[in-house]
Amino acid sequence: MNKIYAIGDIQGCAPSLKSLVKKLPKESKMIFLGDLVNRGPSSLSALRQLKSLQEQGRAECILGNHDLHLLAIDAGLRKTKGLDTVDAILRAPDRAELIHWLRHRPMALSNGKIITVHAGILPQWDLQQTIECAQEVEKALRKKTYVDFLASMYDNTPNKWSNTLKGSERLRVITNALTRLRFCTPMGQMEFESKEGLEKGPKGYIPWFKVPKRKTQDTLVYFGHWSTLGLMRQDNVIGLDTGCVWGGKLTAMEIPNSGKDSKKLEIIQVAGYDHPLRM
């Protein structure tokens, strides 16, 4: 059986992506954990590489907050900010093709025992509900009216899940959880400002994967998004954003065939981008 690797945030670091793919076994497959573009030096090249890998059947790419930011800029809903590096995509002759491809990427992937997401999973969601919620956002992004979804996507409220949520508020909570979540209360109220390590959350908030009786605690979860954690393995969760864009590394980690066989998994790393503002 060919190996499958989960790979942390690329953020437009195309040289690191190319180096990593070369180091992986030739027949292996890859799941990229979101934030495919932005902040790094070569977002256009990275996006083209990833699209090619996906179309070859070698990879799939989950959407992260920076990828959604690109979609919103492309749609004319947001403007680029100081550290953004997506202008080359917006000027590219294949811009429309790349954006169409990006809109059709998943928000989460699972084989029934393992799940990969960009940021986090709310404590009230079990594996099945997580996938179903992800699919709701995927459906909205793939509609001809997807700009309506993007226009209502940016807000921090509601900041807590309820099964009674409907419409744009429901989609917003799902999107924020899957692409922005780091800290929440034990009841699942999300907080979006804190970006530091595990012990640095606001009073009353804990890392989402530390919530007692979290409904996915028996599922092996791979995630990215949280670069200050570095490579993290604990409590059936694996964090793979190792700060490639900030002078860290780009990390790939093998996904096991069965849910909890995670002790001797292969880890492959390459050097990241020597960012002028490196942390």
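**Group meeting: strand β1 and the salt bridges**

Okay, let's start at strand β1: I4 has K29 in β2 as its bridge partner. Keep in mind that this is a predicted model.

That contact belongs to a set of four bridges between β1, residues 4-7, and β2, residues 29-32, and the two strands run parallel. How does the chain cross from β1 to β2? The path goes through helix α1, residues 14-23, and this β-α-β crossover is right-handed.

Now β1 also pairs with β12, residues 249-255. Here the strands run antiparallel, again with four bridges joining them. If you want a residue to click on, take A6, whose bridge partner in β12 is M253.

Right, on to the charges. Side chains of opposite charge can pair when their charged atoms come close. So how many salt bridges do we count? The count is eight, and I'll walk you through some of them.

Take R48 and D94, whose side chains meet in a salt bridge at 2.8 Å, N to O. R48 sits in helix α2, residues 43-55, while D94 is in the loop between α4 (87-91) and α5 (95-103), so this pair ties together parts that are 46 residues apart in sequence. Are these two buried or exposed? R48 has 35% relative accessibility, so it counts as partly exposed. D94 comes in at 19%, and because the cut-off for buried is under 20%, D94 counts as buried.

Next up, K51 and E97, with a salt bridge at 2.7 Å, N to O. This one links distant parts of the chain too, from K51 in helix α2 to E97 in helix α5, 46 residues apart. K51 is buried, at 9% relative accessible area, whereas E97 is partly exposed at 46%.

Then there's E60 with R105, where the closest N and O atoms are 2.7 Å apart. Which parts does that pair tie together? E60 is in strand β3, residues 59-61, and R105 is in the loop between α5 and β4 (108-110), so the salt bridge connects parts that are 45 residues apart in sequence. Both partners are on the buried side: E60 counts as buried at 19% relative accessibility, and R105 counts as buried at 7%.

Last one, and here we have a network: K3, E254 and E266 are linked by salt bridges. While you have that on screen, note that E254 falls within the residue range of β12, 249-255, the strand that pairs antiparallel with β1. That brings us back to where we started.

Notes
Residues numbered from 1 in each chain as written. Predicted model: local features only at pLDDT ≥ 70, side-chain atom pairs only at ≥ 80, totals over all residues. Heavy atoms only, no water. Pairing = 2+ DSSP bridges. Right-handed = clockwise from strand over helix to strand, strands pointing away. Salt bridge = Lys/Arg side-chain N within 4 Å of Asp/Glu carboxyl O. Buried < 20%, exposed > 50% of the residue type's maximum accessible area, 1.4 Å probe, protein only.
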